[in-house]
Amino acid sequence: MDRLELKALAKVNLGLDVLGRRSNGYHDVRMVMQTVYLYDQVIMEKKKEPGIEVETNLYFLPVNENNLAYKAAKLLMDEFHIKEGIKITLKKHIPVAAGMAGGSSNAAAVLYGMNRMFALKLPEKALMERGVTLGADVPYCIMRGTVLAEGIGEVLTPLSPMPKCHILLAKPPISVSTKFVYDELDSREITKHPDIDGIIEGLDGQDLARTARCLGNVLEEVTVREYPVLEQIKNVMKEQGAMNAIMSGSGPTVFGIFEEKSRAREAGRKIKETGLTKQVYVTNVHNARRK
Ligand code: ATP
């Protein structure tokens with residue numbers, strides 16, 4: 001196989017709780033992850049000449065060893081002494097540094113794709129073990145679907161799939177540093193933990209209303225206070241009929257859950273009209289496993 005084109009899908013956190021901080025700076029988390037149908041296209045082509053070439057439509061992204069797709073390719077090339085080269089084209093659609101694991105998902109796609117293209121025969125678990133060395137969310141991005149992520153995010157347990165619904169994503173035009181958010185959280189006492197077990201029970205009962213009611217992200221304690229636009233977006237979503245709305249990951253993307261697509265669209269229009277952000281996407285959950 002000389003060419004492979006894959007979809008690298010984004011995720012949201014239906015729940016995100018932080019249980020503690022390790023001495024190496026990583027945090028122990030308990031998160032419910034959900035894949036959504038918003039994706040980057042990752043095109044991989046074998047080259048006769050050795051080396052890794054990365055090309056992307058976003059001028060501000062690195063195309064050298066700082067790109068997560070490059071890192072993923074290098075990891076397998078070095079380990080398996082691959083003599084041919086590879087060109088990776090990233091057509092980015094997932095907002096960058098947005099709490100949607102865009103970079104991790106690109107890395108996951110490259111690991112998965114190279115395993116197939118170069119017939120490395122690594123089972124999924126072995127890909128995940130390599131993936132976590134690139135980022136805590138990479139193993140999940142390999143697995144996809146509705147998953148409980150514990151440890152630093154790499155201990156994965158598949159959950160009952162999220163019932164069908166429509167997801168409105170809104171990324172305000174602010175940058176939020178993941179490090180700042182976690183450092184701030186460490187300096188405070190966490191007063192309210194999200195009901196992760198409630199989400200899991202809601203999913204088990206295929207009860208969308210219960211699942212939606214229990215959504216929660218402990219990192220909002222930091223970000224919502226710092227960036228009032230997040231609360232404003234959440235409020236518009238709820239006023240427009242969202243069953244609930246919260247921030248994903250360390251932000252700043254906010255997502256709302258809707259039963260009806262038309263209402264999700266209307267809420268997106270409202271958010272644009274009120275000038276909170278132009279970057280909105282109506283999508284849905286994606287539960288199919290990789291083939
Ligand atoms: P997470 O939800 O895992 O915190 P995120 O959505 O916050 O992820 P990413 O979009 O993955 O963040 O990008 C974070 C940083 O990684 C950016 O500053 C970006 O420059 C860098 N980066 C490296 N490679 C990539 C890539 N292929 N796609 C996006 N960002 C990348």
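Into which domains is the protein divided? I noted domain 1 (3–158) and domain 2 (166–284), with bounds that come from an automatic or database domain assignment.

Before going further I recorded that this is a predicted model, in which local features need pLDDT of at least 70 and side-chain atom pairs count only at pLDDT 80 or more, while totals for chains, interfaces and linings use all residues. Residues are numbered from 1 along each chain as its sequence is written.

**Domain contact.** I looked up the C-alpha centres of domain 1 and domain 2 and found them 23 Å apart. Contact here requires C-beta atoms, placed from the backbone, within 7 Å, and by that criterion 22 residues of domain 1 are in contact with 31 residues of domain 2. On the side of domain 1 that touches domain 2, strand 1 (3–21), strand 2 and strand 5 (146–150) each supply at least two residues, and strand 1 gives the most, with eight residues. Strands are DSSP runs of E with at least two residues, helices are runs of H or I with at least four, and both are numbered from the N terminus. I sorted this side of domain 1 by class and obtained 14 nonpolar, five polar and three charged residues, where Ala, Val, Leu, Ile, Met, Phe, Trp, Tyr, Cys and Pro count as nonpolar, Asp, Glu, Lys and Arg as charged, and the others, Gly among them, as polar.

**Core.** I then took the largest nonpolar core, a set of buried Ala, Val, Leu, Ile, Met, Phe, Trp, Tyr and Cys residues joined through C-beta atoms within 7 Å; a residue is buried if 20 or more other C-beta atoms lie within 10 Å of its own, exposed if 12 or fewer, and partly exposed in between. Of its 86 residues, A69, A73, V110, L111 and L168 touch the most other members, and strand 2 (residues 27–47) gives the most to this core, with nine residues. Both domain 1 and domain 2 give residues to this core, so it lies between them. Leaving aside neighbours within four places in sequence, I found A73 in contact with I52, I86, I88, V110 and M114.

**Ligand shell.** I counted a residue as near the ligand if its C-beta atom lies within 6 Å of it. Of the 20 residues around the ligand, L68, G102, G103, N106 and G249 come nearest. Helix 1 (68–79) and helix 2 (102–117) each supply at least two residues of this shell, and helix 2 gives the most, with four residues.

Note on methods:
Contact = placed C-beta atoms within 7 Å.
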